[in-house]
Amino acid sequence: PNQMVPVYSTLVGYPSYEGASIQTSPTTVFASTRRWVTESAAAGRKWVVANDEQGSANTGVVPDADDFFHSEIRRNVLWGNLMAGGAGVEYYFGYQYSNSDLTCQDWRSRDRMWTYSK
């Protein structure tokens, strides 16, 4: 996230670069997505901009048992990206919780998030 501006700024308008999947905190998804969609379009090659690995490495999208409604992720990440002209999200499961990115054997642990994302 700290290198987003210096790296992506050099790629805006590059003829064979078509998009980015940004990693940022939930509260900055909208602004970051909007920035790269807008800047790339202004440079003549609009990017596909998605969001992934939202939040800190230890949390991400927590299990339904820990956050049944996933309000922050829905509002700031899913809708933040889509309303800014983004292409969507790839959810990250933080390592602090059961069924993390490294250990998930039961995708039903985030079943409500999948339902909310339809």
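This section describes a helix pair and the surroundings of one tryptophan in a predicted model.

Two packed helices are described by the angle between their axes and the distance between the axes. The pair considered here is formed by helix α1, residues 4-11, and helix α2, residues 29-42. Their axes lie 11 Å apart. The packing angle is about 20°. Angles under 35 degrees count as roughly parallel, and α1 and α2 are therefore roughly parallel to each other. Their crossing is right-handed.

The contact between these helices was then resolved by residue. Helix α1 contributes Met4, Val5, Tyr8 and Ser9. Helix α2 contributes Ser32, Arg35 and Trp36. By class, the residues of this contact of α1 with α2 comprise four nonpolar, two polar and one charged.

The second site centres on Trp114. This residue is found in helix α4, which spans residues 111-116. The relative accessible area of Trp114 is 30%. Buried means under 20% and exposed means over 50%, so Trp114 is partly exposed.

Leaving aside residues up to four places away in sequence, Trp114 touches Tyr91, Phe93 and Trp107. Tyr91 and Trp114 are 23 residues apart along the chain. Their C-alpha atoms are separated by 9.6 Å. Trp107 also offers a backbone atom to the side chain of Trp114. The backbone oxygen of Trp107 lies 3.3 Å from a polar atom of that side chain. Trp107 thus appears both among the residues touched by Trp114 and in this pairing of backbone oxygen with side-chain polar atom.

Definitions and conventions:
Residues numbered from 1 in each chain as written. Predicted model: local features only at pLDDT ≥ 70, side-chain atom pairs only at ≥ 80, totals over all residues. Heavy atoms only, no water. Axes fitted to C-alpha atoms, helices over the stretch in contact; angles between N-to-C directions. Helix = DSSP H or I, 4+ residues; strand = E, 2+ residues; numbered from the N terminus. Parallel < 35°, antiparallel > 145°, perpendicular 65-115°, else oblique. Left-handed = near helix turned anticlockwise from the far one by under 90°. Contact = heavy atoms within 4.5 Å. Nonpolar A, V, L, I, M, F, W, Y, C, P; charged D, E, K, R; others polar. Buried < 20%, exposed > 50% of the residue type's maximum accessible area, 1.4 Å probe, protein only. Polar contact = N/O pair within 3.5 Å; in protein donor to acceptor, adjacent residues only side chain to side chain.
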